[in-house]
Amino acid sequence: MVNSDSSTGVPAQWQAFGRRLRALRTHAGLTQTAVAAAAGMDRSFYAEVEAAIHSVSVDRIPALARALGVEPYELFQDTPSKPAE
């Protein structure tokens, strides 16, 4: 069974992933439109992924990572990566 927010029924994993995408996007100074276009996605769909309304299939992960300038595994970390020194 998937953990979910009992008040909304939204899977906790979707919420965490959406928060992570938003954090990476804002840290990079990008708009939803820019990330969606770079990842080959519709902006409204991307916005709904950030809002935990939809999830993405695993084949979209590399494109999202490239669009955000991170490695795919970084999409699943709880804290932002430290810049290379």
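Reader: Where in the protein is confidence lowest, and where is it highest?
Author: This is a predicted model, and within the protein the confidence is lowest in helix 1, with a mean of 95, and highest in helix 2, at 98.

Reader: OK, and what does the protein average in pLDDT?
Author: The average pLDDT of the protein is 87, and 82% of the residues score at least 70.

Reader: Switching topic, how many residues are in the largest nonpolar core?
Author: That core has 18 residues, and F17, L64 and L75 are those with the most contacts inside it. Two or more residues each come from helix 1 (12-28), helix 2 (32-39), helix 3 (43-50) and helix 4 (61-68).

Reader: Which helix gives the most to this core?
Author: Helix 4 does, with 6 residues.

Reader: You mentioned L75, so what does L75 touch?
Author: Leaving aside residues up to four places away in sequence, L75 touches F17, R20, L21, L24, I61, L64, A65, L68 and V70.

Reader: And at what angle do helix 1 and helix 4 pack?
Author: Helix 1 and helix 4 pack at an angle of about 30°, and their axes are 10 Å apart. Angles under 35 degrees count as roughly parallel, and therefore helix 1 and helix 4 are roughly parallel to each other.

Reader: Which residues make that contact?
Author: From helix 1 the contact is made by F17, L21, L24, R25 and A28, and from helix 4 by I61, L64 and L68.

Reader: What about the contact by class, nonpolar, polar or charged?
Author: The contact of helix 1 with helix 4 has 7 nonpolar residues, no polar ones and 1 charged residue.

Terms used
Residues are numbered from 1 along each chain as its sequence is written. This is a predicted model: local features need pLDDT of at least 70, side-chain atom pairs count only at pLDDT 80 or more; totals for chains, interfaces and linings use all residues. Side-chain values use heavy atoms; hydrogens and water are left out. A nonpolar core is a set of buried Ala, Val, Leu, Ile, Met, Phe, Trp, Tyr and Cys residues joined through side-chain atoms within 4.5 Å. Buried means under 20% relative accessible area, exposed over 50%, partly exposed in between (1.4 Å probe, protein chains only). Helices (H or I, at least four residues) and strands (E, at least two) are DSSP runs, numbered from the N terminus. Contact means heavy atoms within 4.5 Å. Axes are lines fitted to C-alpha atoms, for helices over the stretch in contact, and angles run from 0 to 180 degrees between N-to-C directions. Angles under 35 degrees count as roughly parallel, over 145 as roughly antiparallel, 65 to 115 as roughly perpendicular and the rest as oblique. Ala, Val, Leu, Ile, Met, Phe, Trp, Tyr, Cys and Pro count as nonpolar, Asp, Glu, Lys and Arg as charged, and the others, Gly among them, as polar. pLDDT is the predictor's confidence in each residue, from 0 to 100.
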